[in-house]
Amino acid sequence: MFPANDFGQENGLNDPGIETFKDHPLMSLAREGLQNSSDAHDDSGKPVEVHFQELEIPSSQFPGCDEFKKTLQACAAYSKSSKQAVQFFDAALKVVSADTLHILRIADYNTTGLVVGDKDDHGSDWFKLTKAVGVSDKNAGKLGSFGIGKHAPFACSDLRTVFYGTKDKDGATAFQGVAKLVSFRRDKKIITQGTGYYGNVNGNRPLLDFKKVSPIFERKRVGADVYVMGFHPYDDWESQIIKTVIERFFVAIHYGTLVGKVGKT
């Protein structure tokens with residue numbers, strides 16, 4: 001669901017947060033992802049593990065696939081005066097309409113997971129990650145500050161869409177998708193905001209279990225998952241991420257507080 005903008009500003013394709021990471025998308029993705037997970041280490045004494053894994057699924061298993069296609073078409077129609085936007089949405093439709101869809105899954109272990117909070121908890125980890133803009137609280141110490149760095153995965157997505165899953169130490173689970181597209185006309189008269197959500201339409205809240213999505217998204221161990229949907233087909237994504245992990249986190253790896261797994265490496 002893309003909320004109405006209530007006659008406020010409209011959003012175009014050039015999201016400042018995403019544009020920040022366009023020049024070095026994979027390096028930024030690895031750096032921000034590992035920093036977030038490292039900040040969320042639990043008290044088990046085991047090293048934080050972060051796994052980067054490319055998956056290929058039937059496109060029909062994309063949560064809310066049919067509705068998402070309609071959204072892309074509506075975005076293209078509303079942005080028809082922009083050649084860049086039309087090209088992007090035409091390409092995105094081809095990606096999501098193919099038989100299979102490529103995903104990059106970033107999963108961490110020996111971490112605390114994300115605290116979802118109740119529906120009015122604007123200070124929760126989940127709210128900061130999925131809905132807050134211009135909010136940063138590094139002192140919280142869990143999965144980074146949820147500031148500008150959370151935009152890095154979107155820069156690697158040909159659909160500008162990321163799904164998040166978590167299981168915390170108390171066994172609570174949550175799953176939600178965020179798409180950063182453009183404003184468009186919904187229901188013939190409502191102009192939307194550029195950011196939309198997949199989950200519980202009541203308040204655009206996350207799903208609190210994994211029963212409504214493909215089992216591939218289920219989180220069984222404590223920690224958090226980031227799914228980059230429509231992962232761009234970089235020729236050397238593994239080597240770029242490995243290089244960044246070693247360069248930026250050598251000390252943590254050397255002292256055994258961090259383990260990175262990229263593909264089979």
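What follows is a working chat about a predicted model.

User: Start with the inside. How many residues are in the largest nonpolar core, and which have the most contacts there?

Analyst: The largest nonpolar core has 31 residues. Phe62, Phe89, Leu181 and Met229 have the most contacts inside it.

User: Which elements give two or more residues to this core?

Analyst: Two helices are on that list, H3 (65-78) and H4 (83-97). The strands are S1 (48-58), S2 (100-109), S3 (157-167), S4 (173-180) and S8 (223-231).

User: And which one gives the largest share?

Analyst: H4, with six residues.

User: Is there a general reason why nonpolar side chains end up buried together?

Analyst: There is a general tendency: in soluble globular proteins, nonpolar side chains tend to be buried together.

User: Back to Met229. What does Met229 touch?

Analyst: Leaving out residues up to four places away in sequence, Met229 touches Phe62, Pro63, Leu101, His102, Ile103, Ser157, Asp158, Leu159, Thr161, Phe163 and Phe217. Phe62 is also one of the residues with the most contacts inside the core.

User: What does the second core include?

Analyst: The second core is separate and has 19 residues. Among them are Leu34, Leu104, Cys156 and Val228.

User: Cysteines next. How many disulfides does the structure hold?

Analyst: Zero.

User: Why is there no bond at Cys65?

Analyst: Because the closest cysteine sulfur, in Cys75, is 15 Å from the sulfur of Cys65, which is too far for a bond. A disulfide needs the two sulfur atoms within 2.5 Å. Seen from Cys75, the closest cysteine sulfur is the one in Cys65, again at 15 Å and too far.

User: Are those two buried or exposed?

Analyst: Cys65 is buried at 8% relative accessible area, and Cys75 is buried at 0%.

User: Charges now. How many salt bridges does the structure hold?

Analyst: Five. One of them joins Asp225 and Arg219, whose closest N and O atoms are 2.5 Å apart.

User: Is that pair buried or exposed?

Analyst: Asp225 is buried, with 1% relative accessibility. Arg219 is buried too, with 3%.

User: Which residues are linked with them in a network?

Analyst: The network of salt bridges links Arg105, Arg219 and Asp225.

User: Which other bridges can you describe?

Analyst: Glu32 and Arg31 pair through their side chains, with an N to O distance of 3.3 Å. Arg31 is partly exposed, at 21% relative accessibility. Arg186 pairs with Asp187, where the closest N and O atoms are 3.5 Å apart.

User: Where is Asp187, and what is its phi?

Analyst: Asp187 is in the loop between strand S5 (185-186) and strand S6 (190-191). Its phi is near 55°, a positive value in a residue other than glycine. Asp187 counts as exposed because its relative accessible area is 57%, and the cut-off for exposed is over 50%.

User: What about phi of Asn204?

Analyst: Phi of Asn204 is near 50°, also positive in a residue other than glycine. Asn204 lies in the loop between strand S7 (195-198) and S8. Unlike Asp187, which is exposed, Asn204 is buried at 11% relative accessibility.

User: Now a couple of polar residues. Where is Ser28, and what does Ser28 touch?

Analyst: Ser28 is in helix H2, residues 25-39. Beyond residues up to four places away in sequence, Ser28 touches Phe21 and Ala152. Ser28 is buried, at 4% relative accessible area.

User: And where is Asn5?

Analyst: Asn5 is in the segment before helix H1 (16-19). Asn5 is buried as well, at 12% relative accessible area.

User: What does Asn5 touch?

Analyst: With residues up to four places away in sequence not counted, Asn5 touches Glu10, Ile191, Thr192 and Gln193.

User: Last topic, the surface. Which residues make the nonpolar patch?

Analyst: Ile246, Phe250, Val251 and Tyr255 make a nonpolar surface patch of about 470 Å².

User: Where is Tyr255, and is Tyr255 buried or exposed?

Analyst: Tyr255 is in the loop between helix H7 (237-254) and strand S9 (258-262). Tyr255 is exposed, with 63% relative accessible area.

Methods
Residues numbered from 1 in each chain as written. Predicted model: local features only at pLDDT ≥ 70, side-chain atom pairs only at ≥ 80, totals over all residues. Heavy atoms only, no water. Patch = residues over 30% accessible without salt bridge, like charges linked within 9 Å, V, L, I, M, F, W, Y side chains within 5 Å. Areas by Shrake-Rupley, 256 points an atom, 1.4 Å probe, with all protein chains shown as cover. Salt bridge = Lys/Arg side-chain N within 4 Å of Asp/Glu carboxyl O. Helix = DSSP H or I, 4+ residues; strand = E, 2+ residues; numbered from the N terminus. Buried < 20%, exposed > 50% of the residue type's maximum accessible area, 1.4 Å probe, protein only. Core = buried A, V, L, I, M, F, W, Y, C linked by side-chain atoms within 4.5 Å. Contact = heavy atoms within 4.5 Å.
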